[in-house]
4 protein chains.
Amino acid sequence: MDPQPANLRDRLHAATAQALLDAAEKAMLKYGYDKVTMQQIASETGCAPGTFYLYFKSKQDLFEAIINRHMTTLFECTRAAMDGSDNPLEKIRLGILACFRFGQENKLFFQVALTALPMRNRALRVKLLEMGHTEHAEMSRYSIEQLRKAQELGLVRKDIPAETLDEFLDVVIFSFIEQLAMVDPVPDVQEKLRVVWGLITGGIVGGA
Amino acid sequence: MDPQPANLRDRLHAATAQALLDAAEKAMLKYGYDKVTMQQIASETGCAPGTFYLYFKSKQDLFEAIINRHMTTLFECTRAAMDGSDNPLEKIRLGILACFRFGQENKLFFQVALTALPMRNRALRVKLLEMGHTEHAEMSRYSIEQLRKAQELGLVRKDIPAETLDEFLDVVIFSFIEQLAMVDPVPDVQEKLRVVWGLITGGIVGGA
Amino acid sequence: MDPQPANLRDRLHAATAQALLDAAEKAMLKYGYDKVTMQQIASETGCAPGTFYLYFKSKQDLFEAIINRHMTTLFECTRAAMDGSDNPLEKIRLGILACFRFGQENKLFFQVALTALPMRNRALRVKLLEMGHTEHAEMSRYSIEQLRKAQELGLVRKDIPAETLDEFLDVVIFSFIEQLAMVDPVPDVQEKLRVVWGLITGGIVGGA
Amino acid sequence: MDPQPANLRDRLHAATAQALLDAAEKAMLKYGYDKVTMQQIASETGCAPGTFYLYFKSKQDLFEAIINRHMTTLFECTRAAMDGSDNPLEKIRLGILACFRFGQENKLFFQVALTALPMRNRALRVKLLEMGHTEHAEMSRYSIEQLRKAQELGLVRKDIPAETLDEFLDVVIFSFIEQLAMVDPVPDVQEKLRVVWGLITGGIVGGA
DNA sequence: GATGAATGAGCGTTCATTCAT
DNA sequence: GATGAATGAACGCTCATTCAT
């Protein structure tokens, strides 16, 4: 993300912040955002409560830093995956696969995020924008663009606007990520995608 | 639910509890679960904070009673709506329509519930079970039964188990209820259902 | 001060507030404003920390209530005393005597106030005005008026403006009150006044 | 005070301490004693917070060192000024003039000192003694001696003990210094002294 | 049953001070 | 000697809950 930090001091600062973030994330996961106290986080992290305030200006700020970190990564992964094909519908499929993989690899994170944020779709978008995230909006724009192209190519139905289709995708994907995050043991992601993609493309009536 | 309360005392107790619930709900809606204090709820209700503790054992309990009441109503409405047809697929469609209507008519409730509860699908189910709700499970059972019948009649694809289809429905429906709750002004429910039902049945590829 | 409180509840509330004020004052006296903590005040008062926040909105507010109470009383006593004569110079003398008496009878209060407030004269006036006190300003106005009358009657020197004379009085009186507050055992107030009045009227050169 | 520091090391130490004191003073003046934090002082000084603890054992100690420095200077100036005449009353007048000048030239310092210390007269004396200051006591002794001489020469009234007269002077002078410190723009010191000296010598009744 | 004043544990946050480097 | 990241005790304040009336 920041490949050349200005100098040694800044690099150390950033590294410590990351370490604290890792530890805080774990603690928040254990108890949930509202329930966990700064003293608990500190004591589980093995440092003093004051220490966090050298790196994050409040409990809320600490939490947002955790969210930010993952969201940025998620959007980067997804975007990279979508570049794996030129076919717009296949781009969408690859993006979803990336999201599922990410969800599976970051189960704990989602477990917290899902309980701490008003994480329903609409609310989440608003929240992310408030937190200065533009990635999600960009992501949506790109996704809608692909859907439109797919419509032009006759790969996707044209009687529903691309924006509505995107919303539908958002909803379904997000819910399945949640499922991956909450279910233990981890299900087979490829298999899961096969089913979800089947439902997304064919609905519950039309089938293979 | 309890058509014959044991005696006058119990009947009075239940009536008062309902009145308190009405008032508390309004107050919680106004400020949100975490933000509102018991003194605020009491003062808006026009009674003393202590009074609530004669009817509910904690703030959390009070909140859950509010959720319960609506959930029960929601399940009753949905079930009643599904009886409007003998065709299993049409039963599902009518059920969804009922859910949408309910969501639209109880926007405020959902706005609170969605921010106060870990309301994602899986989490919600767990929560509802913890809270002693069996309705949702029963609902699912009934819904799965209809889906299976629809599969047998060739109305619904057979390559995906009815349980998975139900989960898919759950996810999509819940998300659209959220959308109805969060969006202002209230969208046209019939039109919304047409789109969602189109996506549910036909997916994003096959069209009408 | 408030001879007919609206009703029983308000009367009880006011009485409790006064009792808490008494206790808090004692505790603040013991440790000083900055040093004393709300828990200390509470524990010395024999109540819980939260209780104070039912009557005063912050530590600062509690402190100001203590100051206000005494300042109001002080100004009332002084004013009443000044009515004891028609001669403007004698009015001034009687006012000073009242201040001294008050200072002597409220030693503890002054000991706190003098350490907690930026109690130097100028700063004090500003502070009192910020706190919504107009009494001191009114007092000054009345005092200056008397000095002007005394000047007209040839009782007081005319080469210095009445405002400057008043400032001089303020300074000297306040310092002597401090002396009375800080010295133990309590000196003879009448004797003290005799000396101070001698200095005020005659300076260090002219004598009786 | 310490004209021959034992050795180079001590001399360096003392020099550094002075430099830190200069910087800390500026920072304290900027924010006030209670408000300013050690990190602020350090960052404005351009050194690390820890550094101060090599020279001063606490924040309080640092503050007292600042006070001490000024007090010592004040007493030296005053004493020097008093040597400007052989007439004991004129000595007093010259001393007061020196105090006023000093107050005027060190407005910022007094502004801090007056809000940070329990600066009323008595309290200040006690404080200064606690801090190891003997200068003020010496000053008083010298001042009282002059007053006594003036009494013997018939220059000053004899019905009031020299100690009481000195206290009176202290009070009046201190208050006028405060006035000089708090008022902006700086008043004419000579004119101020004329008025104060008039009041000190002649009181409010006898005049020029 | 209803009250509401009182409770007090526990919160997020600050900042003078320390000590390993 | 100088550093500054880390400390952690202590702060003012909140609010779900209780219980004497």
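What lies over the face of C:Tyr142? The residue is C:Arg79, at 3.7 Å from the ring centre. A charge is said to sit over a ring if NZ of Lys or CZ of Arg is within 6 Å of the ring centre and within 35 degrees of the ring normal. Chain A has an arrangement of this kind too, with A:Arg79 over the face of A:Tyr142, 3.7 Å from the ring centre.

Before going on, a word about the model. It is predicted, with local features needing pLDDT of at least 70 and side-chain atom pairs counting only at pLDDT 80 or more, while totals for chains, interfaces and linings use all residues. Residues are numbered from 1 along each chain as its sequence is written, chains are lettered from A and ligands numbered from 1 in the order in which they are written, and side-chain values use heavy atoms, leaving out hydrogens and water.

Now to the DNA, starting with strand E. There are 31 residues around DNA strand E, and the closest are A:Thr37, A:Tyr53, B:Thr51, C:Thr51 and C:Tyr55. To be near a strand, a residue needs one of its heavy atoms within 4 Å of it. Look at the strand's own atoms within 4 Å of the protein: 64% belong to sugar or phosphate, and the rest to bases.

Which parts of the chains make up this surface? At least two residues each come from helix H2 (38–45) of chain A, H3 of chain B, helix H3 (49–52) of chain C and helix H2 (38–45) of chain D. Helices here are DSSP runs of H or I with at least four residues, numbered from the N terminus. H3(B) gives the most, with five residues. Sorted by type, the surface near DNA strand E has 16 nonpolar, twelve polar and three charged residues. In that sorting, Ala, Val, Leu, Ile, Met, Phe, Trp, Tyr, Cys and Pro are nonpolar, Asp, Glu, Lys and Arg are charged, and the others, Gly among them, are polar.

Zoom in and you'll find individual polar contacts, meaning pairs of N or O atoms within 3.5 Å (within protein, one must be able to donate a hydrogen and the other to accept it, and residues adjacent in sequence count only if both atoms are side-chain atoms). The side chain of A:Gln39 has an N or O atom 3.4 Å from a base nitrogen of DNA strand E. Phosphate oxygens of DNA strand E take part as well: one is 2.7 Å from an N or O atom in the side chain of B:Tyr55, and one is 2.6 Å from a polar backbone atom of D:Met38.

Over to DNA strand F. It is surrounded by 32 residues, with A:Thr51, A:Tyr55, B:Met38, C:Thr37 and D:Thr51 the closest. Of the atoms of DNA strand F that come within 4 Å of the protein, sugar and phosphate make up 65%. The residues of this surface split into 16 nonpolar, 13 polar and three charged. A polar backbone atom of A:Gly50 is 3.5 Å from a base nitrogen of DNA strand F, and one of D:Gly50 is 3.3 Å from a base nitrogen of the strand. C:Lys59 reaches a phosphate oxygen of DNA strand F, with a side-chain N or O atom 2.8 Å away.

Next, the charged pairs within the protein. Side chains of opposite charge can pair when their charged atoms come close. A salt bridge here is a side-chain nitrogen of Lys or Arg within 4 Å of a carboxyl oxygen of Asp or Glu, and the count comes to 30 over all chains. One of them joins B:Glu90 and B:Arg93, at 3.1 Å from N to O. These two sit three residues apart in helix H5 (residues 88–105) of chain B, so about one helical turn separates them. B:Glu90 is partly exposed at 27% relative accessibility, and B:Arg93 is partly exposed at 24%. (Buried means under 20% relative accessible area, exposed over 50%, and partly exposed in between, using a 1.4 Å probe and protein chains only.)

In chain D, the side chains of D:Glu145 and D:Lys149 meet at 4.0 Å, N to O. Both lie in helix H8 (residues 135–152), four residues apart, about one turn of the helix. Chain A, meanwhile, has a network of salt bridges linking A:Asp22, A:Glu25 and A:Arg69.

Last stop: the aromatic rings. Six aromatic pairs turn up over all chains. One of them is C:Phe168 with D:Phe168, an edge-to-face pair with 6.3 Å from centre to centre and 90 degrees between the planes. Each lies in helix H9 (residues 162–182) of its own chain, so the pair joins two chains. Rings of Phe, Tyr and Trp (its six-membered ring) pair if their centres lie within 6.5 Å, with planes under 30 degrees apart counted as stacked, over 60 as edge-to-face and the rest as tilted. Both C:Phe168 and D:Phe168 are buried.
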